[in-house]
Structures are given as structure tokens and as C-alpha cells.
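User: Please take a close look at one helix of this model and at the surroundings into which it packs. I would like a connected account rather than a list.

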Amino acid sequence: MKYALLAAAVLTTLAAALLLGPANVPLRELVDSPILWQLRLPRALLAFLVGGALGVSGVALQALVRNPLADPFLLGLSGGAGLGAVVAIALHLPGPWALPLAAFVGAVGAMALVYRFGLMGGAELDPRILLLGGVAVGAFAAAITTALVSLAEATELRNAFLWLWGGFSGASWTTVLVILVYAPLPIVVLAAAARPLDLLALGEEPAQYLGTDVRRLKRLVYLSASLLTAAAVAVAGVIGFVGLIVPHVCRLLWGRLHHTLFPTAFLTGGILLAAADTLARTVVAPRELPVGIVTALLGVPLFAFLLRRWTVS
Amino acid sequence: MRRWVQRTHLAGLIALTLAACARGEHVPAGGAFTVTDDAGRHVTLAAPARRIVSLLPSFTELLFAIGAGDRVVGRTTWCDYPPAALAVPSVGDGMPPSVEAVAARRPDLVVLYRSGPNVTAAEQFERLGIRTILLGLDRLEELGPAARRLGRLTGHARAGDSLAAVMDSLASQPPVPSTTSLVFIVWDNPPIVIGAGSYLDRLAALAGARNVFHDVRSPSAQVSIETIVARNPDFVAILSDSAPPVPPRYASRPEWRVVRAVRERRFLFLPGQLFGRPGPRAAQAIHDLRRRLEAAR
């Protein structure tokens with residue numbers, strides 16, 4: 001029943017994303033319109049795929065650090081992506097892909113640094129070290145970013161922040177293809193780790209006794225989830241909150257087992273972000289809202305409701 | 001006929017601007033000068049300002065235009081017009097102003113753009129005994145009042161008034177019936193366009209081009225590509241200082257090519273130095289835009 005509702009929600013959200021938009025195109029003309037094929041369809045798919053990727057990444061990272069507050073961007077990724085984007089603009093790197101690629105490289109760089117932190121002194125990706133390392137690397141990257149922005153004379157830099165706040169204005173079939181080619185690998189790796197992740201929830205030692213190679217598991221999960229998030233940053237900027245609340249929603253509705261959590265988090269994340277983007281495009285038309293604002297406005301009340309249920313029960 | 005009248009009127013305004021700039025007569029320094037600035041403060045000077053720091057390119061242009069250029073002792077890095085302004089020492093980018101660098105120029109008047117951080121900076125200058133004036137300068141209508149007050153404070157009241165009269169007359173002109181439409185795209189991802197409450201929107205209207213986002217009541221706004229497609233402008237106007245102008249990077253991206261003007265490469269490259277800020281050369285900018293529109297048609 002719950003799964004049928006989820007499937008219906010996916011279809012409704014995608015249909016709404018295709019039918020609604022700031023341009024009033026009559027239904028009959030919509031079928032032949034480039035507005036549908038070149039703008040709305042790639043944008044809806046991109047929003048759905050990015051939402052799904054962030055949802056899956058959130059589930060994996062919350063399981064890894066065993067902390068319900070973990071968000072895919074907590075581990076320094078957003079800071080690194082911001083630094084990459086600002087460097088690309090400050091150096092006037094050419095080409096339409098310079099900005100997303102630089103953001104991706106920045107995010108992966110930050111991730112590598114946090115990973116290195118996490119392995120220092122045999123810490124073996126201790127959640128506390130990962131979280132602290134993530135916060136520290138993020139703050140460091142943000143400091144360099146701010147220094148660059150205040151020292152450089154390019155007025156364009158202000159706009160780098162607009163891009164970073166996230167959105168799907170750059171959606172095209174190319175970006176959809178990029179994420180379609182890229183995302184399956186980390187998602188498959190994570191899905192394969194579903195059972196060991198269930199064991200990890202019992203604690204590292206019990207998981208080890210039950211036959212899990214905890215060391216290898218943590219490294220694989222950390223790298224896959226971070227690379228997935230970095231890909232999302234490259235095509236859509238930093239969109240907060242999806243990766244934080246989707247795992248909670250799914251755990252409440254479908255329980256704690258990862259073989260159901262991963263697929264449901266993918267679909268729920270997709271629904272949330274595709275719906276948020278449709279609202280962002282239409283509610284204040286002809287203007288547009290940054291999609292991160294809508295995810296927060298939709299997400300926070302939902303989150304508050306869930307927290308209430310959680311603490312009461 | 002109508003267009004001819006409009007054009008001669010505009011040419012007349014350009015001539016008037018030049019004339020206003022040429023007459024640089026000084027008003028004898030009598031008692032105190034008081035003007036009210038756009039933050040509602042009363043600015044009183046015992047004598048015309050002799051050492052002025054201008055913290056906005058528009059103010060620098062205005063000061064030079066009313067013949068007070070020889071009194072400008074400090075400017076921002078952005079102040080690049082008129083060429084004579086480049087000889088004035090720079091005090092930094094002015095965002096926010098470096099109080100020390102400005103004070104080191106020992107000014108008796110600092111002209112600031114009215115904004116939150118600048119109000120704080122103005123208070124700091126006043127505590128150092130330096131007089132300040134905060135002026136709003138976002139729209140064509142604000143050029144006249146600014147010129148008038150700067151004229152008063154620098155002892156060039158007549159030149160200031162006469163430039164102000166030209167600017168007011170330009171601002172009160174009815175829009176020319178538009179035969180073409182355009183969109184000002186400031187940034188592509190997310191797409192940011194210029195709306196109605198802006199200088200550029202007025203310039204376009206006076207040059208005979210309809211800004212397709214004239215219904216957006218703020219100077220700039222984020223929109224989606226789809227909305228630009230639906231509004232279907234004839235031209236995409238871009239502020240650019242690169243010579244020769246290069247089409248923006250996004251012009252080759254598939255999602256942007258759904259916009260007809262982008263697909264057909266109907267770009268208007270407007271020099272940022274002339275169009276990017278309200279200034280005494282507004283009439284020249286309108287004339288320039290009209291010429292470009294006619295050439296592109």
C-alpha cells in the first residue's frame with residue numbers, strides 16, 4: 001500500500017513538473033513545444049535524480065557516522081565546492097563546464113582531506129573525527145573563498161554564490177546524461193552495502209563479530225556517498241535539507257533496514273526536490289525562487305512534525 | 001516625423017549636457033551651504049568643498065561634469081570616467097569604504113552611495129570631523145537631484161542646476177513608442193534579469209525598446225529560462241567591456257538556445273562603462289542604444 005502510494009506520488013510529481021510552468025502553454029501545443037522537451041523535461045528529471053542522489057547519500061552518511069544530524073554537505077563538501085566555483089570564476093576558466101567541474105573538484109578535494117583526517121593515527125573513520133574534520137575543512141575552505149571574493153575585483157564572484165545556493169536553471173539533456181552515467185556506480189555500491197550497514201547500526205564491534213569487514217565498509221560507504229553528493233553539487237549546486245530529512249522520513253515510514261531505505265530514500269528525495277523545483281518555478285512567476293528556499297520551507301515544518309511524533313512515542 | 005522629433009530632442013539634450021559641463025562658474029562663497037541628503041541628514045558646509053572623495057563612479061562622473069573635477073582628491077578603483085579621473089588617487093573599491101584610506105586623503109567632503117554599510121561608514125567619517133553626504137543613485141530620476149546638491153556643496157551651483165535641469169528633462173520624457181523588445185540578462189545560472197525599478201529599464205524605454213520584464217517591480221530578479229522563452233524578446237542586451245565583444249558562454253548551451261534571440265544570436269553588447277551606472281552621459285547612452293537597435297534591425 002505504502003509502495004503504491006509512493007509510486008503514485010512519483011508519477012504525480014513528475015506530471016505536475018511537466019504540466020506546470022511560468023509559461024502558459026496550452027496542453028495541445030505543449031507536446032510539440034521545445035519548452036517541454038528542452039526545458040521542463042530535462043529539468044524535472046535532473047531535479048528528481050539529484051533529489052534521489054542526495055536522499056541516498058544522506059541515508060548512507062547517517063548510517064556511517066551513526067548521527068541523525070549528518071547531512072551530505074556536513075563533511076566539508078559544500079565549502080570545497082564553493083571554493084572550486086569561486087576559483088573557476090576568479091581565474092576566468094573558459095567553457096560552459098568550467099564552473100561545475102571546478103565545484104566537483106573542490107568538493108572531492110575537501111572530501112579527500114576529511115578522509116585523510118579520518119584515517120589519521122589509526123582513527124579508522126571514527127564518526128567524531130569525520131564530523132569535526134568536515135566542519136574544520138569546510139570552515140577553512142569558506143575562509144579562503146571569502147578572502148578570494150573580497151580581494152578579487154570580479155563582480156561576477158557575487159554570482160558564484162547565487163549558483164552555489166543551488167538550482168536547476170542549468171538543466172539540459174547533457175546534465176541529465178552526466179548524472180545518469182555517473183550516479184549508478186556509487187548507488188550500486190551503497191545498495192550492495194545495505195546488509196552490512198544494518199549490522200553497523202548495532203555498533204562497530206558487534207558488526208565486526210557478525211562478519212562485517214567494518215574498515216572496508218566504512219571506506220566504501222564514505223567514498224561512494226561523498227562522490228554522489230559531489231556529482232549533485234556539480235549539476236545543481238548546494239541544495240540543503242533534502243539529504244537531512246529524507247532519511248528520517250523514510251525511517252519513520254519504512255523502518256530501519258537499508259535494503260528498503262535506499263530505494264525509498266531515492267524516490268522520496270526525488271519527489272521532494274522535483275516538487276520543490278516546480279513550486280520554485282511557479283509560485284512567484286514571472287520570478288523564480290531559489291530551490292533551496294523551497295526545500296527548507298517545505299522540509300522544516302515536516303521535520304518539526306516528525307520530531308514531535310518521534311519524541312512523543 | 002515623430003522619431004525625428006525624438007532624435008533632435010535627444011541631440012539637443014546631449015548638447016545641453018555638454019554646455020552645462022563647460023560652464024564651470026563658481027558661486028562666490030558666502031554663508032553656509034546646507035542640503036538634505038537621501039538619508040534625511042542635513043549636510044552643512046561653511047565653505048564650498050575643496051577636497052572631495054567620491055565613492056561611486058556615478059558621483060565621480062557627476063563631479064567632473066559640473067566642473068568640480070579639480071576638487072576630487074580620491075576615487076574608487078571603479079571610477080574610470082572621465083579619463084582625467086584616472087589621475088586621482090584611488091582609495092580602494094569602496095565596498096565598504098576603507099575609512100583610513102579615505103581619511104588619509106584629508107577630504108572635507110565624502111560622497112557616498114546610500115546603503116546600510118555606507119551609513120555606518122558615514123558616521124565614522126563624521127566622528128573624524130569629515131563631512132559626508134549619502135545619495136541614492138539607482139534611477140534616472142535621481143541624477144538631477146544629485147547633480148543639484150553636489151553643485152551646491154562644491155560652489156558650482158549654477159553648473160549643477162543646469163546639469164540637473166537636463167537630467168530632469170530627460171527623466172520626465174515620455175517613453176518612445178517601442179518597435180522592438182529586449183531582455184537584459186545579467187547572469188545566466190540562475191538567470192537574473194533587469195526589472196522595472198531600474199536605470200536600464202528606463203534607458204531602454206527612452207531608446208524605443210520594451211524591456212520584456214517591465215512587469216517585474218524590482219531592479220533585478222531571478223527568472224527561469226522558460227519565462228524568457230515565453231516573453232520572446234527580439235534582443236538580448238548584455239553589459240560587456242570586452243573588445244571585441246564575445247557572445248556569452250551560455251549562448252551555445254541547448255537549454256538557452258530555446259530562447260529565439262539567443263538562437264539567432266541577436267545580442268546587443270552595451271559598453272558597461274556607459275550603461276552600467278546612472279550618470280551624466282545618460283542621453284548619450286540612450287542615443288547609443290537607439291543607434292545599435294537601428295543597426296541590428
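Analyst: In this predicted model, helix 8 of chain A spans residues 173-182, and its buried residues are Thr175(A), Val176(A), Ile179(A) and Tyr182(A). These four lie on the same side of helix 8 of chain A because they cover an arc of only 145° around the axis. The general background is that an α-helix has 3.6 residues a turn, so residues three or four places apart point the same way. On the other side of helix 8 of chain A, by contrast, Leu177(A) and Val181(A) are exposed, although both are valines or leucines by name.

The partners of the buried side can be named as well: the buried residues of helix 8 of chain A pack against helix 3 (34-65) and helix 12 (214-236) of chain A. One of the residues involved in such contacts is Ile179(A), which is touched by Val50(A). Leaving aside residues up to four places away in sequence, Val50(A) also touches Ala232(A), Val235(A), Ala236(A), Ile239(A) and Leu273(A).

Val50(A) leads on to the wider interior, since it is listed with Leu46(A), Ala85(A) and Ala231(A) among the residues with the most contacts inside the largest nonpolar core, a set of 96 residues. Helix 3 of chain A gives the most to this core, supplying 16 residues. A second core, separate from that one, has 94 residues, including Cys79(B), Val212(B), Val262(B) and Ala282(B).

Elsewhere in chain A, a pair of helices offers another example of packing. Helix 13 (residues 242-254) of chain A and helix 15 (residues 291-312) of chain A pack at an angle of about 35°, their axes being 10 Å apart, and helix 13 of chain A passes helix 15 of chain A in a left-handed crossing. From helix 13 of chain A, Val242(A), Ile245(A), His248(A), Val249(A) and Leu252(A) meet Thr295(A), Gly299(A), Leu302(A), Phe303(A) and Leu306(A) of helix 15 of chain A. By class, the residues of this contact divide into 7 nonpolar, 3 polar and no charged.

Finally, the two chains also meet, with 25 residues of chain B in contact with 24 residues of chain A. On the side of chain B that touches chain A, strand 10 (220-222) and helix 8 (225-231) of chain B each supply at least two residues, and helix 8 of chain B gives the most, with 5 residues. That side of chain B has 13 nonpolar, 6 polar and 6 charged residues.

Technical notes: Residues are numbered from 1 along each chain as its sequence is written. Chains are lettered from A and ligands numbered from 1 in the order in which they are written. This is a predicted model: local features need pLDDT of at least 70, side-chain atom pairs count only at pLDDT 80 or more; totals for chains, interfaces and linings use all residues. Two residues are in contact if their C-beta atoms, placed from the backbone, lie within 7 Å. Ala, Val, Leu, Ile, Met, Phe, Trp, Tyr, Cys and Pro count as nonpolar, Asp, Glu, Lys and Arg as charged, and the others, Gly among them, as polar. A residue is buried if 20 or more other C-beta atoms lie within 10 Å of its own, exposed if 12 or fewer, and partly exposed in between; C-beta atoms are placed from the backbone. The arc is that of the directions from the helix axis to the C-beta atoms. A nonpolar core is a set of buried Ala, Val, Leu, Ile, Met, Phe, Trp, Tyr and Cys residues joined through C-beta atoms within 7 Å. Axes are lines fitted to C-alpha atoms, for helices over the stretch in contact, and angles run from 0 to 180 degrees between N-to-C directions. A crossing is left-handed if the near helix is turned anticlockwise from the far one by less than a right angle, and right-handed if clockwise.
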